[in-house]
Protein chains: 2
Amino acid sequence: MQRVLNKVISKDKINNMGKVAISRKVEKLRTFMKDQSLSAYIVPSEDAHQSEYICVKDKRREYISGFSGSAGCAVITLDNQLLWTDGRYWLQAEKELESNWKIMKDRVVGEPTIQDWLLSNLNKENKVGIDSRLISKGYYDSMKSTLKEKSIDIKFDEDGENLIDKVRESFRQEEEIPEYPKNPIFFLEDKFTGKQSNEKLKEIREEMKKQSVDLMVVSALDEIAWLLNLRGSDISFNPVFLSYVVVGIQTITLFVDESKLNDKTKSQLPSGIAISPYNQVFEYLRASDKQGKKIWIDPRSSVALYNCVSVVNLIEKINPILLTKAIKNETEIQGMKNAHIRDAVALIQFLAWMEEEIVEKGDETSHTEYSVSEKLEGFRRQQSDFVSLSFDTISSINANGAIIHYKPDETTSATIVKGMYLVDSGGQYLDGTTDVTRTLHYGQPTQHEIDCYTRVLRGHVGLSLLKFPNRVNGRDIDCVARTHLWSVGLDYAHGTGHGVGSFLNVHEGPQGISYRAIANPTNLQAGMTLTNEPGYYESGNFGIRIENVMIVAPVTTQFNNGKFIGFDNITLVPYERKLINLDMLTKDEINFINAYYKEIGEKILPLIEKTNNQKAINWLKNQIKQL
Amino acid sequence: MQRVLNKVISKDKINNMGKVAISRKVEKLRTFMKDQSLSAYIVPSEDAHQSEYICVKDKRREYISGFSGSAGCAVITLDNQLLWTDGRYWLQAEKELESNWKIMKDRVVGEPTIQDWLLSNLNKENKVGIDSRLISKGYYDSMKSTLKEKSIDIKFDEDGENLIDKVRESFRQEEEIPEYPKNPIFFLEDKFTGKQSNEKLKEIREEMKKQSVDLMVVSALDEIAWLLNLRGSDISFNPVFLSYVVVGIQTITLFVDESKLNDKTKSQLPSGIAISPYNQVFEYLRASDKQGKKIWIDPRSSVALYNCVSVVNLIEKINPILLTKAIKNETEIQGMKNAHIRDAVALIQFLAWMEEEIVEKGDETSHTEYSVSEKLEGFRRQQSDFVSLSFDTISSINANGAIIHYKPDETTSATIVKGMYLVDSGGQYLDGTTDVTRTLHYGQPTQHEIDCYTRVLRGHVGLSLLKFPNRVNGRDIDCVARTHLWSVGLDYAHGTGHGVGSFLNVHEGPQGISYRAIANPTNLQAGMTLTNEPGYYESGNFGIRIENVMIVAPVTTQFNNGKFIGFDNITLVPYERKLINLDMLTKDEINFINAYYKEIGEKILPLIEKTNNQKAINWLKNQIKQL
C-alpha cells in the first residue's frame, strides 16, 4: 500500500458523529480560545505518539471539522476556519466540510503553509494555541522560528487540557465521548521476534552510555512494541498499544494502563521493569530532570515530552531503535517469508474465485468492491497465525482504481464489472506483516491498457533485478521504476516503496524508495524490508499498481562480489498475463518473470493443492505457465 | 571535468615557496595565537568569496602547511598541526607535509570532522581563531552550534587582520609577498550575454521589493560577473575579478580596485553605478545598517559580511542570481552551442594528431602527458573567441587515468605509450565554456577494457536519452548512468554531472546530477547546462570517463507532450569505436550513437574540411561511420 500518498481512512467511525453541528463545536471552541487570549488554535491529525493511524478518541481534527481523511490539519481563528490537506483529499474535504470552512492546499508549491498563513493573517504578538502532545519537536521548532518574525507566541494547552476535548466534554449530554481502548497486551514469542527484550535493551544501553545519557524516552508506539516484544490492538491495523517507555542504564519504566497486562504477560516483561500509569511519564521526566539526569528524546517525539526536560539535561537525537528495528534479524526475515507464503495462498484463492465469479459465471450484478474485499479477508482469516488486516483493503474497479487512496464503502461501493480491477491489501500475522497489490483485467483489455501495465511491470521488474553498492539511498533508485513510463510522458504521483514492519506497522521508516527527500533519511542495508509498487493512474479510466514486498540482501556480482546488495522478492502471486505485452520486454525481464513463476510453482502451488480448491489449482497452474 | 571530486591544482605556484621552513611559519603563528589567547587557529582553503579557484595571494592554507591540493583545511593548535583533506589527496598530503603534521580524513564516516576534533581536544571555554572573511555563514553556524557544548568561542581575526598574512609579513625580508592581481576588467557584449545588466538588475530589484529589503549583497565572483556583464582574469580558468556588489532599489555600488576599469568599460556599466574600493564594502554595510536599511545576504557568503549587519536588519536567504544565472537565455544557449562546435574542431584535430603520432608513427618516446596537453591547448588557441582553458587539462595514460584528479606535471609526467588514454579538458570562449572528456585506446584493448568502456558508454547514452517530468532533481536520475556498471559490481566515486557557466566558472550550481545530497538543491529546468560524465577507474590499470555537456530542454513524448524535459547534447566529438562492444548495446543505444555520428558529420566535418587538415578529415570520417 502506498505510504503517505495513500493513507487510508480507518474503519472506525466517530460515535454519534454529527449529532452536534460542527458550527456549534467551533463556536464553543472560540469561547475557550477567548478565555485564553488565543487568536488561533491548531488541531493536528496525529495522536500524542505522532502515529499515522490513531484511535477514535484521538480523532480530534475529524471531530471539530467533520473532515474524515487521514491527513489534514485544522486551524480555527476567531473568525476563520481552515483545513490544510493535500491533493488526494480536496474533493473529499469539499464534500465533508461545512461551507464556511476554507480548504487550504497542503504540499503545493506557492500555496501558503499553516505557518505562512498564520504569519500573514495574525497580528503582532498574537497567540496561537496547540496541544503540546500533538506536535513533534521538529515541526514545532520550524513553526516557532517562522512566527518569531511577528513575535507571535505558541501557547500550549494549560495543564495538558486539550481544548477539543473540552469542547467534547461540554457536549457530553448530547454526544457520547469515546474512551481509550482497554484491549489486552500480549507477549510475542521469541520464535517470532528472534531476540529477547533484555538483549535489545542491552544494545540500547550501550548506545546510551556512548552518548553519556541516563535515560532514553521511547514514545513511538511501534518502537515500544518492538523493544518489549509486546503487541496490542488499541489502534486498527497496527498491533500496538498506547504507552511510553523510559529506559535507564539499570531501570526501565513502562507507562501504560496496567489493566491491559495480565499476569502471564507481566511475567514475560524484561527484568526489573516498573509499570506506571500512562500519563505519569511527564511527571517522571520532570522529576528526573530535577535530579540532573541526562535525558535522550527523539525529535520525532512530542513537544510535551521535551517541555519536561531542561536544556542542559537534554539530548535531542534520533533514537537507535528506528534503524535497529528496520534491519530485520534472521528469525524475522524467515517469519516475513512464511507470512507472505500463507498470504499468497489466500490472495491466489481470492483471485481464482474472482475469475470464476466475474469471468466464468459472468455474474456482474451480485458483487461490489466492498463485498469482494470481505471475501478476500475471509481467505486471509483461514491462514494460521492471522491476526487482522494490515490496512483497509483497497478494492477498486475501472475509474475507481485511478483514485490512489480509494476505499470502498460498504453501502455505496461500485459493482464489479468486466474491466480493470485493482486490489491492494495485506495482513498482520504473528510472524509478519504483508502488503501486496495486483491489477487484473476481467474483460478484453485495450492495447493502451496492456502497454501501460507492461510499462509499470517493467519498472517493477527492473527494481527487483537491480544490484547496487550499499552506499545507496532509496531516493537514488526510485527512477529505476519510472523510466519506462517517463519515456512516453507518463509517471505516478507517489513513492515507489516503503518499509514494512515485522508484525508491526505496515508503513515503517526510516528506509523508503521515493523522490520525496524526507522519505529516505538512511541508506539501504541488508535486512531491510521494502515494497516495490510502481503504478499508473488514468483519471476517469483505470488505475494500475503492482506491489511486492522485498528484503534487501547481499547479491552475487562478477566484480566486488559481496559488496553489492539487491532485493529478495518475498511476495509470491502471479502478475496478470492478459496485460503483458511480451514484445515490450527484454530477455532479462522475461527470464525474471519466468523464474518468478517457477518459484511460485515450487512454493505456493503445493499449498494450494492441499486446499483441494480445484478452481484455485487450475487458475494458478494456468497463470504460471512459462512465457 | 568532475566537480568536487576532481578539483585540480592550479598552475599558479606560490612565489618563493619553501624559502622559509613551514615549522618557522607555524612557530610564528603560535606567538600571534598566544597574544590573542587562541588555542587553535583554522586556515581554510577558500578566499573571501568562498571561491573554488583562488589567486596566489589567497593560498594561505598552502602557505602555512605546504600542502598544495585544492581541497583541505589546516588547523593549528599550540602543540598540534593537522590537515583535513579527502581521499583524493591523502597521498599528496603525505608527500608534501612535514612529518609532524597529522593528516585527517575528511568526508569519511566515523572519522572526526574539524568540529568534532576541536570539541574533543580543546578545553572548556577555549578560543578558536579564524578569519571571518574565509568562512561561510552556513559553515560557521554549524561549527558554532557544535562548539557551544564546551562553551568554546570562535574568535575572528581582529580588525580583519588575517594571522597567516601577519606571519607572511613578518618574513617579508626572506620571502616575497604576492600581490592581488591588477588585471583589467572588460565588458562582455550583449551578443554574448543576451541580456543587459540593467534588465538583470530590474528583475533582482523586483525580488528585493517582494522581500521588503533595501539592499542585496552579492559576493560570489561569478554572480557579480554575470550581473554586470563584466569579465576579468584575476583567477586562473575562471574569468572573474575580485569585487563585491551591493544592489539597492535605486542604487548599485561596485566595490573593486578602480584601476582595473578603463574608461570604455566604465561607460558600459549599468546606469547610476557607484565605484568604491574593494574593502570598503564592510564599512558601507555597517553604515547602511545604522541607517536601519534591511539587508539581504546569501548564506553562502562570508561571516565577515554578516557581522556588519544587526539581526533586525538582516534577511538571510539564497539570492535570486544563483538560479537565474543557471537557466541560460536563448543567446547564451546559442553561444554555448557555437563554442562547443569550435571546441570540437580543436579536440578532433588533437585526437587525429594523437592517432598519427602514437599509433601510425608508433613514436612512443617523444610525447608526454604534459606535452600533448600543450598541443591540445594549441588547437584550442586557434579557435575564434578563445580566451583561456576552463581548467587544467587532465591528460593521463593507463594507470594514471585511474587517479580521478590527475594533473600531469611538466617535468615528471609519464610518456604516452600504446594503451588507454584519458583526456578531460575545456576552454573559455567569449560565447561559452566547454568541458569534455574522451577515453581512447592506442593499442589493442583487452575484452575487459572494452566491456568496461561499453558499460560507461551505456550509462552516458542512457542519460542522454532520458525523458523525465520537470519535478525531477538531478539526484533522482544519477543512477541512470550507473546501473550497467552496478549490475557487475562496479561503480564510480564521483557525481555524474555538474552545471557549466556561460563564459564563466566551469563548475556552476545549483543544478547537478549526483547522489551527494548537497549537490542538488534544485529541480532540473529547461535552459540549465549539465555535464554527463560517468566513468570507471581501475586502480593501477586504467581510467575511463566519457563526458559531454548537455542543455536541459523540453522533449516530445507520446503522452503529456511538452510537460516532460530531457537533454540536448552540445558536445560533438566521437566516442572511441575500438572500445565499443556492439553486442552489449540495445537498438535504442545504437540508434543514438548513429544519430550522434550523423550530427557530427553535418556540423563538425565541414569545419574540419575547411582546415585542410587531411589527417583530421580522414580520422573523423573513419570515426563517424555508422555502427
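Trainee: Why do we call α1(A) and α6(A) oblique to each other?

Mentor: In this predicted model, residues are numbered from 1 along each chain as written, chains are lettered from A and ligands numbered from 1 in written order. Local features need pLDDT of at least 70, side-chain atom pairs 80 or more, while totals for chains, interfaces and linings use all residues, and side-chain values use heavy atoms, without hydrogens and water. Now, angles: under 35 degrees is roughly parallel, over 145 roughly antiparallel, 65 to 115 roughly perpendicular, the rest oblique. Helix α1 (residues 22-35) and helix α6 (residues 163-170) of chain A cross at roughly 120 degrees, their axes coming within 9 Å (axes are lines fitted to C-alpha atoms over the stretch in contact; angles run from 0 to 180 degrees between N-to-C directions; helices are DSSP H or I runs of at least four residues, strands E runs of at least two, numbered from the N terminus). So the pair is oblique.

Trainee: Which residues of α1(A) and α6(A) meet?

Mentor: Contact means heavy atoms within 4.5 Å. From α1(A), K25(A), K28(A), L29(A), F32(A) and M33(A) meet L163(A), I164(A), K166(A), V167(A) and S170(A) of α6(A). That contact has six nonpolar, one polar and three charged residues (nonpolar: Ala, Val, Leu, Ile, Met, Phe, Trp, Tyr, Cys, Pro; charged: Asp, Glu, Lys, Arg; polar: the others, Gly among them).

Trainee: What is the strand order in the open sheet of chain B?

Mentor: Strands of a sheet pair through backbone hydrogen bonds, parallel or antiparallel. Here, four strands run β21-β28-β27-β24 in chain B, paired antiparallel (pairing takes at least two DSSP bridges). The edges are β21 (468-469) and β24 (529-532), each pairing on one side only. F468(B) has I565(B) in β28(B) as its bridge partner.
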